[in-house]
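Ready for some practice in reading a protein structure? Have the sequence and the 3D view open, and try each task before you read its solution.

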Amino acid sequence: MKIAAVAIDILEVPVEDAYLAGGRAVESNWHILARITTDDGAEGFGYMVNTRAQFIPSIASAARELGDLLVGLNVLETEAAWQAMTRAAKWVGPGGLLHWAIAPLDIALWDAAGKTLGQPLYRLLGGFRDRIPAYASDRMWYSLSLDDLAASAADHADAGYTAIKLRLGREATPAQQAERARVAGEAAGLGVTVMVDGTESWDLPYAHLAGRALQDAGVKWLEDPVHHSDIAGLASLKCALDIPVTGGENLYTLAQFRQTLEAQALDIAILDLFRIGGITPWPKIAALAEAHRIMVCGHVVPEVHAHLLAAVSNGHMVEYMPRSNAILVDPPVPVDGMFVLPQTPGHGLVLDNAAVERFRAS
Ligand SMILES: [Mg+2]
């Protein structure tokens, strides 16, 4: 059960249909892949993903140094491993680059722990249920024309999703934002919930105007209307609107979540597996949210987030926007908008080794 070896690789995985996000051409999903082997032969892997190339070598270098600290530790002692990594590097943390470097290692550790115990991750973490609803947010970019947005929304509805989420930017008027939501909703049809993500693009006065317009257009979820540091602004939106104000994907620490939730600034908390530093902190933040009687969601990485959300009693929905299917054998896909958890040990994902070799950048 002792960790015998840790390997880190950088992969440049091409995006099938390159897209514009925030005015930036997105052509690759950069992965930092961590693989852990134990002395009794269990193997686990994890990765972090980002569309920006900048800092990937630095994060990989940090992950290699942190991985060296894991050798010799018991693979089941995940909290000890996480604390060893954060304490050794506390002068560059918490949060930031440090958490991005820890995340792939921590996910690999939990995968290896699950394989050691012969249990799927969702059960290891609590096993509240074995399936979780998913919503679709892929190909719902702000840069799409209204026709392309409508086509994506209709595709998602045809695939059986009962909820979709589109991203909104800063250029349009509140009425134009509401129009995009209305067009997407009409294309998806009755019975499909429309959610929007403001991607932290707005100032507070604009967010109030847009929030009301979107609410009137039938939108049922307003994510990241303002910057996450504007906690009072979020709380004022939560008070003023009847629809849930959601957010949290840009927060790094348990303490940041505490500060935000204590201020009654969110109706639903969104956790980003990479920013928070992997799986180990995840149930702590979910429990904090439970204490505030709010639900949690995951930001992308549906193949791992499905386990985490199914493990806890306040898991809401998986965001289905896969970024890593090109390096996985038979990646899990929601059926009729429902993600059913695999019963295989660990996270249940299988690396496509030929693809890993093909996309290896260093
Ligand atoms: Mg978002």
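Here are four exercises on this predicted model, each with a worked solution.

**Exercise 1. Find which residues coordinate the magnesium ion, and work out whether Asp 197 and Glu 249 are buried or exposed.**

Step 1: Look at the atoms around the metal. Asp 197 (OD), Glu 223 (OE) and Glu 249 (OE) coordinate the magnesium ion, at 2.0 to 2.2 Å.

Step 2: Turn to the sequence, where these donor residues follow the spacing D-x25-E-x25-E. Asp 197 lies in strand β6 (residues 193-197), while Glu 249 lies in the loop between β8 (245-247) and α9 (254-262). The two are 52 residues apart, so this pair links distant parts of the chain.

Step 3: Apply the cut-off: buried means under 20% relative accessible area. Asp 197 counts as buried because its relative accessibility is 5%. Glu 249, at 11%, counts as buried too.

**Exercise 2. Describe how domain 1 and domain 2 are placed and what area is buried between them.**

Step 1: Mark the bounds: domain 1 covers 3-118 and domain 2 covers 123-340. Their centres, taken over C-alpha atoms, are 24 Å apart.

Step 2: Look at the contact, to which domain 1 gives 28 residues and domain 2 gives 23 residues.

Step 3: Now take the area. About 2,200 Å² is buried between the domains, and carbon and sulfur atoms give 69% of this. On the side of domain 1, the residues that lose the most area to domain 2 are Tyr 47, Trp 100 and Trp 110, together 26% of what that side buries.

**Exercise 3. Find how many salt bridges cross the interface of domain 1 and domain 2.**

Step 1: Search across the interface, where the rule finds one salt bridge.

Step 2: Inspect Glu 79 and Lys 284, which form a salt bridge with their closest N and O atoms 3.0 Å apart.

Step 3: Add the polar contacts: 13 residue pairs across the interface are in polar contact. Among the elements that give two or more residues to the side of domain 1 that touches domain 2 are α2 (78-88) and α3 (96-117). With eleven residues, α3 gives the most to that side.

**Exercise 4. Examine the backbone: what is the phi of Thr 199, and what is the phi of Glu 200?**

Step 1: Recall that most residues other than glycine have a negative phi.

Step 2: Read the angles. Thr 199 has a positive phi of about 50°, and phi of Glu 200 is near 55°.

Step 3: Place them. Thr 199 is in the loop between β6 and α7 (204-216), and Glu 200 is in the loop between β6 and α7 as well. Thr 199 counts as partly exposed because its relative accessibility is 35%, whereas Glu 200, at 18%, counts as buried.

Note on methods
Residues are numbered from 1 along each chain as its sequence is written. This is a predicted model: local features need pLDDT of at least 70, side-chain atom pairs count only at pLDDT 80 or more; totals for chains, interfaces and linings use all residues. Side-chain values use heavy atoms; hydrogens and water are left out. Donors are N, O and S atoms within 2.8 Å of the metal (3.2 Å for Na, K and Ca); water is not among the atoms, so sites may look incomplete. Helices (H or I, at least four residues) and strands (E, at least two) are DSSP runs, numbered from the N terminus. Buried means under 20% relative accessible area, exposed over 50%, partly exposed in between (1.4 Å probe, protein chains only). Domain bounds come from an automatic or database domain assignment. Contact means heavy atoms within 4.5 Å. Buried area is the accessible area (1.4 Å probe) that two parts lose on being put together, summed over both. A salt bridge is a side-chain nitrogen of Lys or Arg within 4 Å of a carboxyl oxygen of Asp or Glu. A polar contact is a pair of N or O atoms within 3.5 Å; within protein, one must be able to donate a hydrogen and the other to accept it, and residues adjacent in sequence count only if both atoms are side-chain atoms.
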